[in-house]
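Biologist: I'd love a close look at one part of this model, and then a walk through whatever surrounds it. Could you take me through it slowly?

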Amino acid sequence: MSSLVFLTPWMLLGLLALPLLWWLLRATPPSPKHLRFPGVSLLVGLKDIDKTPDKTPIWLLLLRMLAIAAAVFAFAEPVLNPETRTDGDGPLLIVMDGGWASAPDWVARVEETERLLKQAARAGRPTVFASLTQPLPQGMPYRDARDWLSVLRALQPQSWTPDRQAAIDWLGNEGGFETYWLTDGLQHSDADLAIMLDTKGPLRIIGTSNRPLALLPLKLDAGQLSATVIGAPATAEAITLTAFGAAPNGTEVSFASISGTLPAQETEITLTFDMPLELTNRVTRVTLQGQTSAGAVALADDGSRRRKVALVGASIQEGPQLVAPLHYLRKALEPSTALIEGNLSDVLLGAPDVIILSDVGALSIASSNKLLAWVEKGGLLVRFAGPRLAADGAGQLEDDPLLPVRLRAGGRTLGGAMAWSAPKHLSPFPEASPFFGLPVPADVEVFSQVVAQPAPDLAKRTLAALEDGTPLVTQRQQGDGRVVLFHVTANAEWSTLPLSGLFVQMLKRLSISANTEGDAAVLDGRMWMPDKILDGFGRLGSAEMVTPVSGERLANPVGPDAQPGLYRSGDLRVAVNVLRANDMLAALDIPVGASIEVLGQTNEQSLKPWFLIVALTLFMLDILGTLWVTGRLFNRGATRAMGLILLVGLIPAPEAKADEARAILAANDTVLAYVITGDPTVDNISAAGLLGLSTALNQRTSIEPITPIGVNVETDDLSLLPMLYWPITSNQPALSDAAVQRLNRYLATGGMIVFDTRDAQLGSGFGVLTPNGKALQRLTENLDIPPLSPIPEGHVLTRAFYLLQDFPGRWSGPDVWVEASNVDTDQNDGVTPIVIGANDWASAWAVSESGQPMFPVGRGLTGERQREIARRFGVNLVMYVMTGNYKADQVHVPAFLERLGE
Amino acid sequence: MNQPRPSADLRAASEGLATTFPALMVEASRLAASVAMGDHGRRRAGVGEDFWQYRQALPGDDLATVDWRRSGRSDIAYVREREWESAHTVAIWSDTAQSMDYSGKRGVSSKGERANLLAMALSVLLSKAGERIAFPATIAATPRSGERQLQRIAQAISTIEQARPEYGSVPEFGDLKAARSVFLSDFMGAEGQIFPPLKTIAERAGTGCLVHILDDTEEVFPFDGRVIFESMGGGLSFETHRAKALREEYREKLAQRCAALEEFARQAGWQYLKHYTSQSPKAALLWLHMVIGGQR
């Protein structure tokens, strides 16, 4: 039931003043207008007949009265639906659940507790304050409530659940106090604290409207990261999960977000992130948006990462499946890793975490260099021996950086018909080896292996050995990475190791695949040092002064001695989250008849601001009204000022749309473009030349370019231009990195640049370049230019539209260079991205506005013939760029031959 | 050619003046161009251009003046006589008191501006016609004709005196004898400032016309409420609580003043025109042209 209460009711006496005000305003006439009027001379001598003064208009009067009434109401502090709090007497216990579920609205809780403490202090009640996540005191240390304020202010929510059982133990023998319990609303364990507190005295349970939600540890679900959100049943809630990871520059960025809804009576929902493998592997944590608590953060460790493993076998796979070496590896690794297969160079492009070479002998120099570089950057190379490895003699004569040890020629055969010895078994793994602790099955036998050359450090490099001490698996650090060699094959030819489960576990231990088998297997038997600790609010902080924890303790729920966070033991890292994989959240059990008071849901609403706003608005209107009545509202200055202010707001901002217009131009029509060199003469010639070429194209072919445009390679977008004509002058500035990138992208995506040094290579000789030639070299030093050769006979440029034998411009003579044809690329249909010449084509093509050629070419009729051939070359160039290499098809050859024969 | 260069400050002063009254001159000449005037024939022989009559050549007449065409028809020599055309002297007074600065509504010219415009336009017309114009009590007080006099008149009108009276009083003409007199004012001053000087001027020979320029608000008196009226110079002030109640009385007083002026004009044989600033100045100019230039 809503009720209106005034907190300072004596202010309402001000309303008595209203009738007085009415009378006053009515009685006093408004201030007179001042008018300049020459007719005053005629008015002088006239007398006012009607002495009653003009009154303030009624509406103005009412406005003023309302404004004052509103102000009086506002100052009387009206409050809607006030809260009634009755204070009690006697000893008081204030208990706070200080766990992770209290963290989201921690500030509200602390404020409420502070208020309660102050209230208790005012009433003089002996108080005890305790937080269930901190160590509980002995007995009931009653103190003045104010003393507990400092304790309260230093309190922070912790990342473990409140220990209610400890509270029950503590309060078991005490009695006779009132309790205020600020709870997080969850029944964390079986302890019925509420019922017990109810027996001690009056109980007030105070909660908040926040519904605590939590994240279970992350899982990999078919290669995708999935997270489960749990919560106690309540109203439906929309949830958003965000995955964070490290960006390449080290800062933490959010990789992806997904949303879902937790329906009203459901307790959990699983959401899956759809991210590529690289991102999934880099995720460090997933958070629930809207809840800043430790329970809403799920830390990621290797268990949620999937490694990328590359399997490289011999190039030709012969024989049935079960004998193929890669089959066993595939089966072993498929469930827990992302596999890629292929040849070595392809696989290296995929940037895998691990490369497994199965029976690969000697590699080519280029491949081995690439592989070595990859290993040194931190990659793990696992090699399996085999007949080819043994036959190729890798690592026998000298140390191979891609093998951990030097191998002995010949290998060893154990058992079999021709040998004395019996197949050997494995010996237990040494302590230093990553395989330490794995049980060795008795049925693993080794028949044949390659043998390592004895060396002083062989024992250090051995990870697994046979009964007689011969190394079976050796490893060496190389740079940042490792090379591991299994001295047997990856199939069952030389040993039964791949047939056993030990094989899978060994591969796992080599940290090839993720730890998908529960944490217990990893945690047991090791002491874990905390790397980073999660605090109650879900923030990762550094762990100082936190002692190492044993693996067994970590397997139990988190507590003050085993706080959630990232733990490290040797090489292994593990993330400990607040909740376990099978946890559930349930709402708090409360005794019958009691209820949880919800904080912050008071319907109490102060109406003071509203009344003040109303009063202010009315006062403003009153000012305007008074001005109007006395005729001063709409005088010249004011109206002009108002008009100006309004107009200023309406001025639209100008927009520059030059770039868009240019892009639209290039997209709608074919446009030939030249590069602006900065030299106006050259630019004019280029423009005129391309104009002449465009005219010729328009007349002779179906390509219809519009007026050519000049582009600035530093700033303009090149992607829509088919061809770029670049005249070289000796003083062109070097290209910036951005321009180089842009040009490279242009060349890679099908653009063609025609470089024209315009000097007919006069003055160049052996090794001597013309100035323009030097400028060309300088400009193109960072561009992706393929190997070049002069246009060979039969190149498509000689027959793209016209049949040509040479490619003159204003000059004729020097070669025109295009991409060498022996380069095997299917990129852009083999169309050369670069044409380099010195024949100054633009001058030959140039026409003035009247259509007359601008520059002389040669002399007389021969010259005009040369100009015509130059034009034909231009047409061929554009045709070549626009249509590709189809003219190189053999189907045209008969016609070509026929024409040549004539 | 060998004219001495005008001194710098004179030039500056003239340029300064030129900026104030070209607008006035342009407007006035535009207005005047729509009305044409001419020399007045005096209906007797004298100096002029129009043909009057032929008379016989007397001894002493220059042989060059003999009209041979007419003489050829007869035996005697005839001399062509021309009509005596002489310029009138027109005296114009444009009230420059502070009360003329009043303009009732934004965008409507003040009474003073209207009076100046009419005075200038009339001067332009008259000078085109060759009349002599005088603006008494200003620098253009001596009656002269021509372009220079127009410039002097423009200067006289545009200069704003420092100490202007609240209400204009008709100036003394002194020994200025004017064939025609034009008075452009609002005639709102005290009666003693207006009628006696007018009477003095009316007693001399010559006709005159009174152009009573009023603003619309002065005629209609649309004010209401509690108002303190002040004269334009701030000298007079009158407070009323209900301005609306004074309206009838005020209008009556104004009508009385207009009637008095009209009566005076009728008795003196002069013309009277009531002109509102909201009306077009061309109407007033045409009326003036008719009154002053039309009589032959």
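Biologist: Let's settle on the open sheet of four strands in chain A: in what order do the strands run, and is the pairing parallel or antiparallel?

Modeller: Happy to, with the reminder that this is a predicted model. The order is E13-E12-E15-E16 in chain A, and the pairing is antiparallel. Strand E13 (252-262) and strand E16 (297-299) of chain A stand at the edges; each has a single partner strand, so one side of each lacks a neighbour in the sheet. From one strand to the next, the twist averages 20°. For a closer view, follow strand E12 (residues 237-246) of chain A, which is joined to E13(A) by 10 bridges in the antiparallel sense. A handy place to start is A:Gly245, with A:Val253 of E13(A) opposite.

Chain A also has an open sheet of six strands, in the order E6-E5-E4-E7-E8-E33, and there the pairing is mixed. Its edge strands are strand E6 (143-144) and strand E33 (596-599) of chain A, each pairing on one side only. Strand E5 (residues 126-131) of chain A runs antiparallel to E6(A), and two bridges join them; A:Pro126 has A:Asp144 in E6(A) as its bridge partner. Helix H4 (residues 106-123) of chain A packs on this sheet, where it touches strand E4 (92-96), E5, strand E7 (178-182), strand E8 (203-208) and E33 of chain A. The direction of H4 makes about 170° with that of E4(A).

Strand pairing also turns up between the chains. E2(A) pairs in the parallel sense with strand E8 (residues 227-230) of chain B, over four bridges. Within this pairing, A:Lys33 has B:Val227 of E8(B) as its bridge partner. The wider interface brings 25 residues of chain A into contact with 35 residues of chain B. Together the two chains bury about 3,000 Å², with 64% of that on carbon and sulfur atoms. The count of salt bridges between chain A and chain B is one: the side chains of A:Arg36 and B:Glu230 meet at 3.5 Å, N to O. There are also 10 residue pairs in polar contact across the interface, both residues at pLDDT 80 or more. On the side of chain A that touches chain B, strand E2 (33-36) and helix H2 (40-43) of chain A each supply at least two residues. The residues of that side divide into 13 nonpolar, five polar and seven charged.

How values were computed. Residues numbered from 1 in each chain as written. Chains lettered and ligands numbered in written order. Predicted model: local features only at pLDDT ≥ 70, side-chain atom pairs only at ≥ 80, totals over all residues. Heavy atoms only, no water. Contact = heavy atoms within 4.5 Å. Buried area = accessible area lost by both parts, 1.4 Å probe. Salt bridge = Lys/Arg side-chain N within 4 Å of Asp/Glu carboxyl O. Polar contact = N/O pair within 3.5 Å; in protein donor to acceptor, adjacent residues only side chain to side chain. Nonpolar A, V, L, I, M, F, W, Y, C, P; charged D, E, K, R; others polar. Pairing = 2+ DSSP bridges. Axes fitted to C-alpha atoms, helices over the stretch in contact; angles between N-to-C directions.
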